[in-house]
Amino acid sequence: MSSTSTKRPLSPHLSIYKPIPTMVMSIMHRITGVALYTGTLLVAWWLIAAASSEAYFNWVNGFFASWFGILVMFGYTWALVLHMLGGIRHFIWDTGALMDKHTSTKLAYASMIASIVITVLIWIVGFSVT
């Protein structure tokens, strides 16, 4: 029997799904996980510079003090917080709690809002103590 005579259904593609908050947060959890690898390399770069020479450390520190460096570190902080909250959300679900449709949607929104608020608070505290 040829493959053209069997009409097997095609697997659904992402383009047919309507994005829902829990799906978006699941995707964001994966994206922030990848971003954390890059951010951790930047932290390692800064630590290696600190262990190298004063001139190199000052150069790397200057990069992180630039507007672009601050933007990158702000994004890293947000990714860290969002990923942590996503992990907590999944841990709660592992217990079997808060899994109904409406509650999980509210939890997805709460994770996004809380990640922004916590990130801003971390940076406010960070700038206020320097």
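## Helix crossings and a pocket

Helices α1 and α3 lie oblique to each other (oblique covers angles outside the other classes: under 35 degrees is roughly parallel, over 145 roughly antiparallel, 65 to 115 roughly perpendicular). The model is predicted: local features need pLDDT of at least 70, side-chain atom pairs pLDDT 80 or more, while totals for chains, interfaces and linings use all residues. Residues are numbered from 1 along each chain as its sequence is written, and side-chain values use heavy atoms, without hydrogens and water.

**Exercise 1.** Work out how α1 and α3 cross, and what their contact is made of.

*Solution.*
1. Locate the helices: α1 spans residues 21-51 and α3 spans residues 67-94 (helices are DSSP runs of H or I, at least four residues; strands are runs of E, at least two; both are numbered from the N terminus).
2. Take the axes. They come within 8 Å and cross at roughly 130 degrees (lines fitted to C-alpha atoms over the stretch in contact; angles run from 0 to 180 degrees between N-to-C directions).
3. Assign the hand: this crossing is left-handed (near helix turned anticlockwise from the far one by less than a right angle; clockwise is right-handed).
4. Sort the contact of α1 with α3: 13 nonpolar, 10 polar and 1 charged residues (Ala, Val, Leu, Ile, Met, Phe, Trp, Tyr, Cys and Pro are nonpolar; Asp, Glu, Lys and Arg charged; the others, Gly among them, polar).

**Exercise 2.** Do the same for the crossing of α1 and α4.

*Solution.*
1. The α1 and α4 axes come within 8 Å.
2. They cross at roughly 45 degrees, so α1 and α4 are oblique.
3. The hand is left for α1 and α4.

**Exercise 3.** Describe the largest pocket and the helices that line it.

*Solution.*
1. Size: the largest pocket has a volume of about 240 Å³.
2. Lining: the residues are Phe64, Ala65, Ile70, Met73, Thr77, Ile122, Trp123, Gly126, Phe127 and Thr130.
3. Helices: α2 (54-65), α3 and α4 (101-128) each give at least two lining residues. α4 gives the most, with 4 residues.
4. Class: 7 lining residues are nonpolar, 3 are polar and none is charged.

The pocket is an open set on a 1 Å grid over the protein atoms alone, where a 1.4 Å probe fits, with protein on both sides within 12 Å along at least five of seven lines; lining residues have an atom within 4 Å of a point. Points join across faces, edges and corners, and the volume is the space filled by probe spheres set on them.

**Exercise 4.** Give the fold pattern and extent of the protein chain.

*Solution.*
1. Count: the protein chain has 4 helices and 0 strands.
2. Order: the pattern along the sequence is α-α-α-α.
3. Extent: its C-alpha atoms fill a box of roughly 70 × 40 × 25 Å along the principal axes.
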